[in-house]
Amino acid sequence: MKRFWLGLCVLSLTYSGTFVAIAQNQAVVPTQPAKPAPAAPLKMTPAPPAPSPQPRQLESENSILSPAGANKFLREAQDAAQSSNFTLAIEKATQAVTMLNQLSTFHESLAKSLNGIDNRIADEEKQQALVAAIKRDEATYQLAVIHRAQGKPELAVPLLVRIVASQGVDRALGKQAFQQLYEMGFTKTNYPRS
């Protein structure tokens, strides 16, 4: 009779959330409460890329007051000098020198205005002034070399002297400028002396 009832009945008991099943020829098996399935990881869709910012007006090489514009003038000056078109080469190199000198002056003025108010921006402006001044001296050197190639060393001398004063004779560009002065016969002795 016991076997009959055991064979026919399945008894489920609930005790503190634990299920116990009794069946024929089976031992009592406690089961653990069902664990919640782990949440599927959230799939983050990447944000659409931000549109690339348009270059600001003075960052274009078409601007007459930008480093990119000065570089364009210098390239045009080199091309013209290689074609022996010295008039155009001088015009383009002079425009580059003027533009870079203005950039250096304006950035230096802004640095002075911001000094003590926002030193981080003041330092950025000083750095931009320095970069423009170095590029200006390089453009001035190129202009002096064009004058010399044209056979007008008297026009090259003031430019080379200005470079030596700006760069110092111990820097590479200052040494090159002094070398040019020596080669043209403006200085008696080259620097450094041999």
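This passage describes the fold of the protein chain, its nonpolar cores and a few points of backbone geometry, as they appear in a predicted model.

The secondary structure of the protein chain comprises six helices and three strands, and these elements follow one another along the sequence in the pattern α-β-β-β-α-α-α-α-α. Of the 194 residues in the chain, 27% are buried, and the accessible surface amounts to about 14,100 Å², with 59% of that area belonging to carbon and sulfur atoms. When contacts between residues at least 6 apart in sequence are considered, 41% of them join residues at least 24 apart.

The largest nonpolar core contains 19 residues, and those with the most contacts inside it are Tyr141, Leu160, Ile163 and Ala177. At least two residues of this core are supplied by each of α2, α3, α4, α5 and α6, although the greatest contribution, six residues, is made by α5. Apart from this core lies another, of ten residues, which includes Phe73, Val97, Leu100 and Leu103. The surroundings of Tyr141 illustrate how parts of the chain meet, for, with residues up to four places away in sequence left out of the count, Tyr141 touches Leu160, Ile163, Leu173, Gln176, Ala177 and Gln180.

Helix α5, which gives the most residues to the largest core, runs from residue 153 to residue 167 and reaches 21 Å from its first C-alpha to its last, close to the 21 Å expected for its 15 residues at 1.5 Å a residue. Its buried residues are Ala156, Val157, Leu159, Leu160, Ile163, Val164 and Gln167, and what covers them includes α4 (119-149) and α6 (172-184). As background to such a list, an α-helix has 3.6 residues a turn, so residues three or four places apart point the same way. Directly after α5 comes Gly168, whose phi is positive, near 90°.

Two further features of the backbone were found outside the helices. In the loop between α2 (67-82) and α3 (86-114) is Ser84, a residue other than glycine that nevertheless has a positive phi, near 60°. In the segment that comes after α6 is Pro192, and the peptide bond that joins Tyr191 and Pro192 is cis, with an omega of about -5°.

Notes. Residues numbered from 1 in each chain as written. Predicted model: local features only at pLDDT ≥ 70, side-chain atom pairs only at ≥ 80, totals over all residues. Heavy atoms only, no water. Helix = DSSP H or I, 4+ residues; strand = E, 2+ residues; numbered from the N terminus. Expected span 1.5 Å × (residues − 1). Buried < 20%, exposed > 50% of the residue type's maximum accessible area, 1.4 Å probe, protein only. Contact = heavy atoms within 4.5 Å. Areas by Shrake-Rupley, 256 points an atom, 1.4 Å probe, with all protein chains shown as cover. Core = buried A, V, L, I, M, F, W, Y, C linked by side-chain atoms within 4.5 Å.
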